[in-house]
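Please follow the chain shown below alongside this explanation, which moves from single residues to charge pairs and then to cysteines. It may help to keep the sequence and the model side by side while reading.

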Amino acid sequence: MRVAMIGTGYVGLVSGACFADFGHVVTCVDKDASKIERLKKGEIPIYEPGLDDLVAQNVSAGRLKFTTEAADAIADADAVFIAVGTPSRRGDGHADLSYVYAAAEEIAGLMDGFTVIVTKSTVPVGTGDEVEAIIRKAAPDGDFAVVSNPEFLREGAAIKDFKIPDRVVVGTDDERAREVMRELYRPLFLNETPILFTTRRTSELIKYAANAFLAVKITFINEMADLCEAVGANVQEVSRGIGLDGRIGRKFLNAGPGYGGSCFPKDTLALTKTASDYNSPVRIVDTVVEVNAARKKAMAQKIIRAMGGDVKGKTVGVLGLAFKQNTDDMRDAPSLDILPALIEAGATVRAYDPESMDEAKKLMDGIDYAENAYDAIDGADAMVIITEWDQFRALDMDRVKASLKTDTVIDLRNIYSPEDMAKRGFTYFSIGR
């Protein structure tokens, strides 16, 4: 099948490359000419393990193309995916749908013959209705169907999540559109992937509900971590103890400095705004949004207390800046709250991250960036782990001890054992244990 992917951001690029690897012919369209030129040269604008090779292979095979010109790509397509950004709107927290609606207007003037228009962007309930109305107004005689097909990609594991998904959700009442979507995802049938066909509005809500539920799990275990510290319990053992219950599950029960990234912060906020608009508040999610924001800010004070209550004139060696490992994504990363607060308190911050330092430089001032983990902690008064990159899990602790001015290690991801760190002579602070 022929696919047009409007938008070459995280979702659009990964989805386009994976559909091409399934054997479909995919044209990715973006108005950013510099980004398209980079992609044509084989330069990937985001860090996602394996994506560079996947793109190169499918470009070489002739199944994946990049262009700024939408006309031919849309006219020839069996399915046109809208995969543009939906950031939180300034002022009210609602999802900004201007890019989605602009794409709908453009598609309306270029589609030729029956076309399935698929909303891949994360959008509030009812957006598909508005997209359909926009296209119908611009092309009264157009033969098309608007479908919701939310993405469930984890940054750092996006290719696996696309090719071996837990499920595929498709929202449409149009049988022709269902057949097109079945054909697009037919390669997944071999793995017996569940494909859930539902109404468009239900599909849109499934995406928000899923992200909100995971955000609730993260925030729950973070609050349990605070309680563990207060009563002398171990949050990792609590997590394991409740996670073994099949009704609860083990995933997303790792205590840390709070969630960030491109999805959870904006999606939970958008869900609360939609619920408020419909006079059906989701109070649990409201609380999660507030608690998570407060937690990220509180982490700086945790570090300051661990360093004796005052960081003026002291150097903090920070390992990790991205919101999670295996990505360069700095959106709503806890480090964006923690590091400026440390600097404001008088500390010198020297930081290292394997992939996200270029992005971090655009968002934070006053930070010294190191070439590697050991340079970041050399002569520092404390080592602080903010992101759980694998390369931080097996540091040479003798070298760490020799590099640090003190023996203070503050681990906001619980990647080390308190018992082992104590044996090695470190003053070790972790989360909830």
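Tyr185 has a relative accessible area of 3% and is therefore buried, since that value falls under the 20% cut-off. In this predicted model, Tyr185 is placed in the loop that runs between helix α8 (175-184) and strand β8 (195-198). If one goes from Tyr185 to Val349, the distance along the sequence is 164 residues, and the two C-alpha atoms are 48 Å apart in space.

A second buried residue, Val116, belongs to strand β5, and its relative accessible area is 0%, so that Val116 counts as buried. Val116 and Arg176 are separated by 60 residues in sequence, while their C-alpha atoms are 8.6 Å apart. Leu412, in turn, is found in the loop between β13 (408-411) and α17 (418-423), and, with a relative accessible area of 0%, Leu412 is buried as well. From Leu412 to Ala341 there are 71 residues along the chain, and the C-alpha atoms of this pair are separated by 16 Å.

The next topic is charge pairing. Side chains of opposite charge can pair when their charged atoms come close. How many salt bridges does the count come to? The count comes to 24 salt bridges, and several of them can be followed residue by residue.

One of these pairs joins Arg186 to Glu183, with the closest N and O atoms 3.1 Å apart, a separation that qualifies because the rule asks for a nitrogen of Lys or Arg within 4 Å of a carboxyl oxygen. Arg186 is partly exposed, at 47% relative accessibility, and Glu183 is likewise classed as partly exposed, at 30%.

Are the partners in the salt bridge between Lys266 and Asp267 buried or exposed? The side chains of Lys266 and Asp267 meet at 3.0 Å, N to O. Lys266 has 19% relative accessibility and counts as buried, which follows because the cut-off for buried is under 20%. Asp267 counts as buried too, with a relative accessibility of 1%.

A further salt bridge links Glu359 with Lys362, whose closest N and O atoms are 3.1 Å apart. Both residues belong to helix α14 (residues 357-363), and because they are three residues apart there, they are separated by about one helical turn. Glu359 is partly exposed, with a relative accessible area of 29%, whereas Lys362, at 63% relative accessibility, counts as exposed. Beyond such pairs, salt bridges also connect Asp129, Glu132, Arg200 and Arg201 in a network.

Charges of one sign can be traced on the surface too, where Glu69, Asp72, Asp76 and Asp112 gather in a patch of negative charge. Within this patch, Asp112 lies in the loop between α5 (98-110) and β5 (115-119), and its relative accessibility of 55% means that Asp112 counts as exposed.

The backbone offers another point to examine. Most residues other than glycine have a negative phi, and most peptide bonds are trans. Which phi value does Phe252 have? Phe252 has a positive phi of about 65°, although it is not a glycine. This residue is located in the loop between α10 (235-243) and α11 (264-277), and Phe252 counts as partly exposed at 29% relative accessibility. Asn279 also has a positive phi, near 55°, and is a residue other than glycine. Asn279 sits in the loop between α11 and α12 (283-306), and, with a relative accessible area of 70%, Asn279 is exposed.

Finally, there are the cysteines. How many disulfides does the count come to? The count of disulfides comes to zero. Cys28 is in no disulfide, and the nearest cysteine sulfur, that of Cys18, is 11 Å away, so the pair does not satisfy the requirement of sulfur atoms within 2.5 Å. Cys28 counts as buried at 0% relative accessibility, and Cys228, with a relative accessible area of 5%, is also buried.

Definitions and conventions
Residues numbered from 1 in each chain as written. Predicted model: local features only at pLDDT ≥ 70, side-chain atom pairs only at ≥ 80, totals over all residues. Heavy atoms only, no water. Buried < 20%, exposed > 50% of the residue type's maximum accessible area, 1.4 Å probe, protein only. Helix = DSSP H or I, 4+ residues; strand = E, 2+ residues; numbered from the N terminus. Patch = residues over 30% accessible without salt bridge, like charges linked within 9 Å, V, L, I, M, F, W, Y side chains within 5 Å. Areas by Shrake-Rupley, 256 points an atom, 1.4 Å probe, with all protein chains shown as cover. Lys, Arg positive; Asp, Glu negative; His and termini not counted. Charge placed at Lys NZ, Arg CZ, Asp CG, Glu CD.
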